[in-house]
Amino acid sequence: MSYIAGNTIRTLREKNGITQKELAEIIGVSDKTISKWETNKGLPDIGIIEELAKALRVSLPELFTGDLKTNENVSGNMKKIQFYVCPICGNVITAVGEGHFSCCGITLPKQESESMNLEHSVFIETIDDEYSITMLHPMNKEHYVSFVAYVTSGSVEIVKLYPEQDVFIRFRKKGHGFLYAYCNRHGLFRKNI
Ligand SMILES: [Fe+2]
């Protein structure tokens with residue numbers, strides 16, 4: 001199992017524009033210790049790595065793998081959002097980057113969305129600064145829309161729905177984006193808004 005590599009610490013420290021002495025002061029060790037870590041002559045104690053990651057402005061996995069994600073900013077655009085739906089409990093998991101997600105003991109596949117069709121279409125009415133969304137879709141226990149989401153580049157809003165409920169939702173307008181509706185039988189549908 002690999003631990004934190006010396007050159008990862010050095011690269012991150014230099015990227016943050018701080019000296020060994022400054023980093024040492026932040027996390028409360030000596031600058032000689034930092035020098036040892038960076039030249040692979042010593043390893044940071046497990047009890048200190050959280051502080052080290054924080055000081056270097058990375059996550060723990062990034063510190064361990066040296067695989068720096070900080071410049072990719074995968075979470076920058078919510079329009080890249082992906083939905084994962086548990087077929088057993090109905091849990092909805094969203095992600096803006098690659099990942100592996102499981103629920104109720106099973107690995108969830110990423111939901112591929114398709115364009116809304118006649119059976120799965122939304123009626124959008126603009127009232128003042130809100131979108132009023134309705135759907136004429138069955139809402140019984142066997143076949144229903146379990147959530148509707150409004151996604152813009154900066155935010156995601158998800159409204160859970162339940163059988164016997166009407167699909168009637170209001171979203172505050174936040175600009176262009178996508179509207180998603182998930183049907184427990186037919187999957188994920190998408191429309192530009
Ligand atoms: Fe359906």
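**Salt bridges, sheet and iron site**

Glu 38 is buried, with a relative accessibility of 5%. The model described here is a predicted one, and Glu 38 serves as the starting point for a description of its salt bridges. The search of the whole structure gives 6 salt bridges. In one of them, Glu 38 pairs with Arg 10, and the closest N and O atoms are 3.6 Å apart. This contact links distant parts of the chain, since Glu 38 belongs to helix H3 and Arg 10 to helix H1 (residues 6–15), 28 residues apart. Unlike the buried Glu 38, Arg 10 is partly exposed, at a relative accessible area of 31%.

Glu 38 also meets the side chain of Arg 13 in a salt bridge, with an N to O distance of 2.5 Å. Arg 13 is located in helix H1 and Glu 38 in helix H3, so this pair ties together parts that are 25 residues apart in sequence. Both Arg 13 and Glu 38 are buried. Arg 10, Arg 13 and Glu 38 are thus joined in a network of salt bridges.

Another salt bridge is formed between Glu 130 and Arg 170, whose closest N and O atoms are 3.1 Å apart. Here the linked parts are strands: Glu 130 lies in strand S7 (residues 130–135) and Arg 170 in strand S10 (residues 168–172), 40 residues apart. Arg 170 is partly exposed, and its relative accessible area is 41%.

At the level of the whole chain, the domain assignment divides the protein into domain 1 (6–65) and domain 2 (78–192). The centres of domain 1 and domain 2, taken over C-alpha atoms, are separated by 42 Å.

Two residues that are not glycine attract attention through their backbone angles. Most residues other than glycine have a negative phi. Asn 40, by contrast, has a positive phi of about 55°. Asn 40 is placed in the loop between helix H3 (31–38) and helix H4 (49–55), and it is exposed, with a relative accessible area of 56%. Arg 57 likewise has a positive phi, of about 60°. The loop that holds Arg 57 runs between H4 and helix H5 (60–65). Arg 57 counts as exposed, at 64% relative accessibility.

The strands include an open sheet of 5 strands in the order S5-S12-S11-S8-S9, with mixed pairing. S5 and strand S9 (156–160) form the edges of this sheet, each pairing on one side only. From one strand to the next, the twist averages 25°. Strands of a sheet pair through backbone hydrogen bonds, either parallel or antiparallel. In the case of S11 and S12, the pairing is antiparallel and extends over 6 bridges. Leu 179 stands opposite Lys 191, a residue of S12.

The model also contains an iron ion, for which the protein supplies five donors: His 120 (NE2), His 137 (NE2), His 143 (NE2), Cys 183 (SG) and His 186 (ND1). These donor atoms lie 2.1 to 2.4 Å from the iron ion. Along the chain, the donors follow the spacing H-x16-H-x5-H-x39-C-x2-H. His 120 is found in the loop between strand S5 (113–115) and strand S6 (122–127), and His 186 in the loop between strand S11 (177–183) and strand S12 (187–192), so these two donors tie together parts that are 66 residues apart in sequence. The accessibility of the two histidines was also computed: His 120 is buried, with a relative accessible area of 2%, whereas His 186 is partly exposed, with a value of 36%.

Finally, the cysteines were examined for disulfides, and the search of the whole structure finds 0. Cys 89 is in no disulfide, and the nearest cysteine sulfur, that of Cys 103, is 3.6 Å away. Cys 103 is also in no disulfide, with the sulfur of Cys 89 as its nearest cysteine sulfur. A disulfide requires the two sulfur atoms to be within 2.5 Å, and the distance of 3.6 Å between Cys 89 and Cys 103 does not meet this cut-off. The surroundings of these cysteines can be described by their accessibility: Cys 89 counts as partly exposed, at 47%, and Cys 103 as buried, at 12%.

Technical notes: Residues are numbered from 1 along each chain as its sequence is written. This is a predicted model: local features need pLDDT of at least 70, side-chain atom pairs count only at pLDDT 80 or more; totals for chains, interfaces and linings use all residues. Side-chain values use heavy atoms; hydrogens and water are left out. Donors are N, O and S atoms within 2.8 Å of the metal (3.2 Å for Na, K and Ca); water is not among the atoms, so sites may look incomplete. Helices (H or I, at least four residues) and strands (E, at least two) are DSSP runs, numbered from the N terminus. Buried means under 20% relative accessible area, exposed over 50%, partly exposed in between (1.4 Å probe, protein chains only). Domain bounds come from an automatic or database domain assignment. Two strands pair if DSSP finds at least two bridges between them. Axes are lines fitted to C-alpha atoms, for helices over the stretch in contact, and angles run from 0 to 180 degrees between N-to-C directions. A salt bridge is a side-chain nitrogen of Lys or Arg within 4 Å of a carboxyl oxygen of Asp or Glu.
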